[in-house]
Amino acid sequence: MSFCSFFGGEVFKDHFKPIYVCSKCNHQLFSSCSKYEHSSPWPAFTETIHKDSVSKYEERPGAYKVLCGKCGNGLGHEFVNDGPSKGLSRFIFSSSLTFVPK
């Protein structure tokens with residue numbers, strides 16, 4: 001099992017801008033509309049922009065490894081039913097994201 005480690009430099013944790021894309025291929029991943037404040041050091045989102053924005057596989061019950069749906073870049077993890085309300089959370093390394101203003 002390999003879970004994310006926090007080494008600092010999470011520049012998008014408190015950053016709420018329009019669109020977040022993969023830092024390797026610019027594939028659209030998340031919208032700031034689905035981003036929410038969270039106590040972890042990683043940015044948290046409740047849903048992706050498109051159905052194919054990410055791919056994922058289960059690492060353990062309720063925890064998925066999340067990859068860019070286009071290039072396979074490792075983004076972080078999704079923890080099921082750990083969101084601001086009933087739903088999903090995605091904890092993504094900021095170095096895996098780039099934001100694009102509308």
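Two residues are in contact when heavy atoms of theirs lie within 4.5 Å. The structure shown here is a predicted model. Among contacts in its protein chain between residues at least 6 apart in sequence, 48% join residues at least 24 apart.

**Overall composition**

The protein chain contains 9 strands and 0 helices. Read along the sequence, its pattern is therefore written β-β-β-β-β-β-β-β-β, where strands are DSSP runs numbered from the N terminus. The chain has 102 residues, of which 41% count as buried. The protein chain exposes about 5,600 Å², and carbon and sulfur atoms supply 52% of that area.

**The nonpolar core**

In soluble globular proteins, nonpolar side chains tend to be buried together. In this model, the largest nonpolar core has 12 residues. Among them are the aromatic residues Tyr 20, Phe 30 and Phe 45, together with Cys 22, Cys 25 and Cys 68. The core also includes Leu 29, Val 54, Val 66, Leu 75, Ile 92 and Leu 97. Strands E1, E2 and E6 each supply at least two residues of this core.

**The loop between E1 and E2**

Strand E1 covers residues 19-22 and strand E2 covers residues 28-31, and Asn 26 is placed in the loop between them. His 27 is found in the loop between E1 and E2 as well. The table sets out the accessibility of these two loop residues.

| Residue | Relative accessibility | Class |
|---|---|---|
| Asn 26 | 54% | exposed |
| His 27 | 15% | buried |

Why does His 27 count as buried? Its relative accessible area is 15%, and buried means under 20%, so His 27 falls in that class. Asn 26, at 54%, counts as exposed because that class begins over 50%. The backbone of Asn 26 deserves a remark: this residue has a positive phi of about 65° although it is not a glycine.

Which residues does His 27 touch, leaving aside its neighbours within four places in sequence? His 27 is in contact with Tyr 20, Val 21 and Cys 22, with Asp 52 and Ser 53, and with Cys 68, Gly 69 and Lys 70. Of these partners, Tyr 20, Cys 22 and Cys 68 also appear in the list of core residues.

**The hairpin of E5 and E6**

Strand E5 spans residues 54-60 and strand E6 spans residues 63-68; the two pair in the antiparallel sense over 6 bridges. Within this pairing, Tyr 57 stands opposite Lys 65 in E6. E5 and E6 form a hairpin with 2 residues between them. In the turn, Gly 62 has a positive phi of about 85°.

Terms used
Residues numbered from 1 in each chain as written. Predicted model: local features only at pLDDT ≥ 70, side-chain atom pairs only at ≥ 80, totals over all residues. Heavy atoms only, no water. Pairing = 2+ DSSP bridges. Helix = DSSP H or I, 4+ residues; strand = E, 2+ residues; numbered from the N terminus. Buried < 20%, exposed > 50% of the residue type's maximum accessible area, 1.4 Å probe, protein only. Core = buried A, V, L, I, M, F, W, Y, C linked by side-chain atoms within 4.5 Å. Areas by Shrake-Rupley, 256 points an atom, 1.4 Å probe, with all protein chains shown as cover.
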